[in-house]
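Please look over the structure shown below. A short report on its architecture follows it.

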There are 2 protein chains.
Amino acid sequence: MEINTDRIKFNEPLRLESGRILEEFELVYETYGKLNEDKSNVIVICHALAGSHHAAGRYADEAKPGWWDRFIGDGKAIDTRKYFVICSNNLGSNFGSTNALSIDPATKKEYRLKFPILTISDIVKAQMRLYKKLGISKAKAVIGGSMGGMQALCYAIEQPDFAEHIFALATTAFTRPWAIAVNKLAIEAIRHDPSFKDGFYKKDDLIAKGLPGLAIGRMAGLIAYLSPKLFNRKFGRDYSRTDGLYELFGRFEVERYLEYNAYNFPKIFDPLSYLYICKTMNIFDAGRNEDTLENSFAKVKGKLHLISFSDDMLFFPEEMEEIRDIMIKIGKGNQITYKMVESQSGHDSFLVEVEKFDKYIVELLES
Amino acid sequence: MEINTDRIKFNEPLRLESGRILEEFELVYETYGKLNEDKSNVIVICHALAGSHHAAGRYADEAKPGWWDRFIGDGKAIDTRKYFVICSNNLGSNFGSTNALSIDPATKKEYRLKFPILTISDIVKAQMRLYKKLGISKAKAVIGGSMGGMQALCYAIEQPDFAEHIFALATTAFTRPWAIAVNKLAIEAIRHDPSFKDGFYKKDDLIAKGLPGLAIGRMAGLIAYLSPKLFNRKFGRDYSRTDGLYELFGRFEVERYLEYNAYNFPKIFDPLSYLYICKTMNIFDAGRNEDTLENSFAKVKGKLHLISFSDDMLFFPEEMEEIRDIMIKIGKGNQITYKMVESQSGHDSFLVEVEKFDKYIVELLES
């Protein structure tokens, strides 16, 4: 499978939900597979908080492949010999698309805290510009999990003519206070880190290790994205073997795991991007523009497929069942499917337990 | 109800589980009610991570009463007209008992990081010294929740002749990696706060606001001690009314709640104490001295009463059911009772939903 990575600059202003306007913006994106002649084989993939446009395949110098490589590729569920797959880096994220550290054309300086608050709708609107530039007006499917699932719901409601199938995994119609609280911890840990300097940190100062406050915030995510049972199975009460023989007073394996993953994260992720993305997730509410969720979901024209995960502790299965019930209530029972996967990896199951739902998605796609 | 607060200094060395020895130590404690003539009306209360010896009643200048005041007092479930109640501040905690900021008699300086690691068994052993000084060799009951419940289990196993009834609420026989992870977040947030200065912070520097890193750590606790459903009910997606009309971009009520409670906490709690107490909880394992839990619980002579809470997300009901099953398996079915309370306040239910279990405890006490 060939990976095509590209960047497009958009010069037409993007009016944001906040009323602010981005006079120009850039999106970096990847495509896999070939667009067929009647442009009927497009699949859009939406990434989550810490994801990027690099959804599948492996660059020459890369140890790990793209974040959904188990799901997307030649001969995989999203078969790149058959489909033309597009995944763009979300507006506001720091993997190449316009974000808080980009240059504000009005001042020729980095936006920093002057970067506008973005909503999921804004991110989707920006992506629609990309498809237009690529000459694409319709997709076979939009697929996303977690924050990517919020985008999928947004496509279903706000871009109802775009996609035939919408797959929203491990997500919610509006972020509940529990998930907001997990994000809050990250926001506070970043904000109170003296090296953050109220958003005016020097990037060079953070290059080697990144911001410690972001590592602490990431640790909250690492806990909330997994599950108590997974922790029991994966770590138990083992002591870290790398620490030598300090049983009683040493470091537990779970502590080593959290340290390793939390402190590596800020090496690749920017704290201002993290703050802006947390805000985007926190304020997501599919019912906002219509006052009720019923009115919002009444706009859906495509087939909406919901997949929840039984041990997801961030976006609970009940939250997705609520959407299913609304669709049935408003007479759209023939446009909704729902499946709860018996999962063992918590919220992250949509990334790591792909074999539990990939064939199901293929069936729906080909039905 | 009269509150008697006192402090005792112990000059006989206390040999700790680590092999270290405390040449001397102090405990501060409170008693309520009167010791009867045959000393048969003693009830010991054990406090949790952030608790203190001030379990009940209200000091003259106090806005809030003691932490278990709903449960203990004249005419309450633990009726102080009938029982003589003792609650001591745990060794290692910063409310008056010997802790990391106490003076090491060997060096005449504060221990700081030279303070020994404590185990739950050590804390209980220190308390036993207190009862001896008070001329008490037996208790009608020992009662504790969370880390206080760990102490209760330790009394049951390691001081089997001491208490007739042991009530362990919202606790576990050994801390699982999920709870260790929540503590880990606090440990890391404290450790990486530059004001912590590797444990050599000046107390005066922290007097007004406390250590921000401890506030972040406390926030992890505030999330884990409650429950997603409680958050939904208590906060929903309300915006903070104190922030004015910033709906879309303002602060959610749940964020205000977390900030308020997290940032107030370090004003009363010392970061080194927090680290030492987290460690104590993390290494708790009722089976450690006997290799198996079965062998440990075989030592129990009193009646062990377990109370779990259905929505406890820190120490799950299954963890307490495990203890019940072990007691039955080893032929001690007549010494064990178990009740799961249908709770709505998560782990903190043992503190705030007292009316759901207090009569049940009275019945067992008087049976």
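The report covers the fold of one chain, the two sheets, and three helix contacts.

## Model and overall form of chain A

This is a predicted model. Chain A holds 12 helices and 14 strands. Its radius of gyration is 20 Å, close to the 21 Å that the globule rule gives for 367 residues, so chain A is as compact as a globular protein of that length. Along the principal axes, the C-alpha atoms of chain A fill a box of roughly 60 × 50 × 45 Å.

## The sheet of chain A

Chain A has an open sheet of 8 strands with mixed pairing. The order is β1-β4-β8-β5-β11-β12-β13-β14. At the edges lie β1 (4-10) and β14 (336-341) of chain A, each paired on one side only. Neighbouring strands of this sheet are turned by 20° against each other on average, direction ignored.

One pairing shows the antiparallel part. Strand β4 (residues 25-32) of chain A and strand β8 (residues 84-88) of chain A run antiparallel, joined by 4 bridges. Tyr32(A) has Val85(A) in β8(A) as its bridge partner. Helix α12 (residues 358-366) of chain A lies across five named strands: β5 (42-46), β11 (139-145), β12 (163-169), β13 (303-309) and β14 of chain A. This helix runs at about 160° to β12(A).

## The sheet of chain B

In chain B, 8 strands form an open sheet, again with mixed pairing. The strand order reads β1-β4-β8-β5-β11-β12-β13-β14. Its edge strands are β1 (4-10) and β14 (336-341) of chain B, and each pairs on one side only. The average turn between neighbouring strands is 20°, direction ignored.

Here a parallel pairing can be followed. Strands β5 (residues 42-46) and β8 (residues 84-88) of chain B run parallel and share 4 bridges. Val42(B) stands opposite Phe84(B) in β8(B). Helix α12 (residues 358-366) of chain B packs on the sheet. It touches β5, β11 (139-145), β12 (163-169), β13 (303-309) and β14 of chain B. The direction of α12(B) makes about 160° with that of β12(B).

## A helix pair between the chains

Helix α5 (residues 212-224) of chain A meets helix α3 (residues 177-191) of chain B. Their axes come within 10 Å and cross at roughly 175°. That angle is over 145 degrees, so α5(A) is roughly antiparallel to α3(B).

From α5(A), the contact takes in Ile216(A), Met219(A), Ala220(A) and Ile223(A). Facing them in α3(B) are Trp178(B), Ala181(B), Val182(B), Lys184(B), Leu185(B), Glu188(B) and Ala189(B). By class, this contact has 9 nonpolar, no polar and 2 charged residues.

## Helix pairs within chain B

Helix α3(B) also packs against α8 (residues 271-282) of chain B. The axes come within 10 Å and cross at roughly 155°. The two helices are therefore roughly antiparallel, and their crossing is left-handed. Among the contact residues are Ile187(B) and Ile190(B) of α3(B), and Tyr274(B) and Leu275(B) of α8(B). The residues divide into 10 nonpolar, 2 polar and no charged.

Helices α5 (residues 212-224) and α7 (residues 253-268) of chain B have axes that come within 8 Å and cross at roughly 130°. They are therefore oblique to each other. The crossing of α5(B) and α7(B) is right-handed. Contact residues include Leu214(B), Arg218(B) and Leu222(B) of α5(B), with Tyr257(B), Glu259(B) and Phe265(B) of α7(B). This contact has 12 nonpolar, 1 polar and 2 charged residues.

Notes: Residues numbered from 1 in each chain as written. Chains lettered and ligands numbered in written order. Predicted model: local features only at pLDDT ≥ 70, side-chain atom pairs only at ≥ 80, totals over all residues. Heavy atoms only, no water. Pairing = 2+ DSSP bridges. Axes fitted to C-alpha atoms, helices over the stretch in contact; angles between N-to-C directions. Contact = heavy atoms within 4.5 Å. Parallel < 35°, antiparallel > 145°, perpendicular 65-115°, else oblique. Nonpolar A, V, L, I, M, F, W, Y, C, P; charged D, E, K, R; others polar. Left-handed = near helix turned anticlockwise from the far one by under 90°. Rg over C-alpha atoms; globule rule 2.2 N^0.38 Å.
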